[in-house]
Amino acid sequence: MVKFLDLSKQYLEIKKEIDFEISNVMQESSFIGGKRVKKFEDNFSSFLDIPNCISVANGTDALEIALESLKLPKESEVIVPVNSWISSAESVTRTGHKVIFCDVNTDDYLINVEKLKNKISIRTSAIMPVHLFGQMCDMDPIVGLCKERNIKIIEDCAQSHGATYKGRKAGTIGDIACFSFYPGKNLGAYGDAGAIVCNDDKIANQCRMIANHGSLKKHDHQIVGRNSRLDALQASILSVKLKFLDEWTNKRNLLAATYKSLLKDNKDIVLPKINDWSYHAYHLYVIRHEKRDELKEYLMKQGIETGIHYPKIISKTPAYKNFFNEKFSISEFSNKILSLPIGDHLSVEEVEFVCKVINKYK
Ligand SMILES: *Cc1c(COP(=O)(O)O)cnc(C)c1O
């Protein structure tokens with residue numbers, strides 16, 4: 001069986017350290033806030049080399065809180081790629097702004113910068129580049145467009161821990177950036193978890209207040225906030241896992257290179273485009289095939305699990321039905337994309353096996 005994701009295998013490899021940390025947290029019984037949460041925030045800040053990290057309960061909250069902290073004009077427009085996980089749009093709607101969907105490229109699946117230009121209006125207050133599947137968007141032109149017009153950039157880095165753009169890490173280019181540590185992400189907790197990072201201390205303080213009932217110290221509620229916190233158990237688990245992240249990302253790159261070399265001559269398969277600016281985090285390895293559903297079923301019969309990211313672009317979901325009729329070139333590919341297994345749980349031999357099986361498919 002070639003699994004799409006196997007978190008128990010990863011756990012067994014780091015079990016000693018994880019169990020040690022978990023039992024320490026249980027003995028200390030200090031579950032919310034405290035030194036372990038602070039330690040993870042410091043660790044993640046150093047990993048990205050950015051001054052501020054605010055841990056929160058999940059990646060969706062990170063996006064919502066980040067948007068709120070920027071104090072964008074009410075009902076202003078925020079541009080979001082139409083091909084992403086729903087949170088990218090949800091967070092905009094939930095914070096009282098208007099989502100404007102932008103098409104993505106049909107080769108690398110990232111926000112299309114030319115089309116983005118046409119989506120900018122006088123009401124645009126922010127753009128959310130999503131570094132989808134682990135590859136960073138073309139940030140230089142996006143930063144250029146935003147600087148001229150005083151538009152904020154919120155990076156959605158939920159799939160791109162450790163990815164780089166021309167040597168700069170995901171999360172360090174925009175005004176603010178959001179990470180998810182959902183268990184299946186490249187850096188995943190054993191439950192929900194997320195973080196916001198930014199350079200600006202004022203924005204960081206604002207995020208910290210929003211996430212903690214409007215207060216920086218106990219019983220001092222400066223603004224109306226909410227409760228969105230990382231807990232000590234998840235923080236300790238994430239600190240252990242963070243030490244392995246670079247190694248795991250390298251492994252993903254090795255597996256991706258194997259896919260590329262063994263599938264590149266297969267005329268039925270469209271491989272993902274990797275831009276030369278990119279060090280890819282390969283959260284997902286997405287190929288295209290005309291008969292996607294048949295191929296998926298055939299692979300399943302051979303014991304190979306695959307995924308679909310995403311079955312529908314956001315504008316085709318009932319939640320965003322107002323946008324249903326807007327045309328996006330990427331929607332033609334929704335029934336052709338297939339995510340092949342990738343991750344630290346797999347060996348090169350297993351990926352070679354997947355390729356062999358795919359290449360036999362007629
Ligand atoms: C996972 C994900 C999120 C949301 O993260 P959660 O921790 O699940 O709330 C946001 N954006 C993208 C692109 C994601 O993949």
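Trainee: Why are helix 3 and helix 4 called oblique to each other?

Mentor: Start with the angle: helix 3 (residues 59–69) packs against helix 4 (residues 87–94) at about 40 degrees, and their axes are 9 Å apart. The axes are lines fitted to C-alpha atoms, for helices over the stretch in contact, with angles running from 0 to 180 degrees between N-to-C directions. Under 35 degrees is roughly parallel, over 145 roughly antiparallel, 65 to 115 roughly perpendicular, and the rest is oblique. About 40 degrees falls in that remainder, so helix 3 and helix 4 are oblique.

Mentor: Keep in mind that this is a predicted model, where local features need pLDDT of at least 70, side-chain atom pairs count only at pLDDT 80 or more, and totals for chains, interfaces and linings use all residues. Residues are numbered from 1 along each chain as its sequence is written, and side-chain values use heavy atoms, leaving out hydrogens and water.

Trainee: What is the handedness of the crossing of helix 3 and helix 4, and which residues make the contact?

Mentor: The crossing is right-handed, meaning the near helix is turned clockwise from the far one by less than a right angle; anticlockwise would be left-handed. Helix 3 brings Thr60, Leu63, Glu64 and Leu67, while helix 4 brings Ser87, Ser88, Glu90, Ser91, Val92 and Arg94. Contact here is heavy atoms within 4.5 Å. By class, that gives three nonpolar, four polar and three charged residues. Ala, Val, Leu, Ile, Met, Phe, Trp, Tyr, Cys and Pro count as nonpolar, Asp, Glu, Lys and Arg as charged, and the others, Gly among them, as polar.

Trainee: Why are helix 1 and helix 8 called oblique as well?

Mentor: Helix 1 (residues 7–28) and helix 8 (residues 232–242) pack at about 140 degrees, axes 9 Å apart. That value misses the antiparallel range, so the pair counts as oblique. Helix 1 also passes helix 8 in a right-handed crossing. The contact includes Ile14, Ile18 and Ile22 of helix 1, and Leu233, Ile237 and Val240 of helix 8. Sorted by class, the contact holds nine nonpolar, two polar and three charged residues.

Trainee: How do you know that cysteine 137 has no disulfide partner?

Mentor: A disulfide needs a pair of cysteine sulfur atoms within 2.5 Å. The closest cysteine sulfur to that of cysteine 137 is in cysteine 157, 9.2 Å away, so a bond is ruled out. By this rule the count is zero disulfides.

Trainee: What makes cysteine 137 buried?

Mentor: Its relative accessible area is 0%. Buried means under 20%, exposed over 50%, and partly exposed in between (1.4 Å probe, protein chains only). Cysteine 355, at 1%, is buried too.

Trainee: Where is alanine 177, and why is alanine 177 called buried?

Mentor: Alanine 177 sits in strand 8 (residues 176–180); helices (H or I, at least four residues) and strands (E, at least two) are DSSP runs numbered from the N terminus. Its relative accessibility is 0%, so it counts as buried. Leaving aside residues up to four places away in sequence, alanine 177 touches Glu155, Cys157, Gly171, Ala195, Ile196 and Val197.

Trainee: What makes lysine 71 stand out, and why is lysine 71 called exposed?

Mentor: Most residues other than glycine have a negative phi. Lysine 71 has a positive one, near 50 degrees. Lysine 71 belongs to the loop between helix 3 and strand 2 (77–81), and its 61% relative accessibility makes it exposed.
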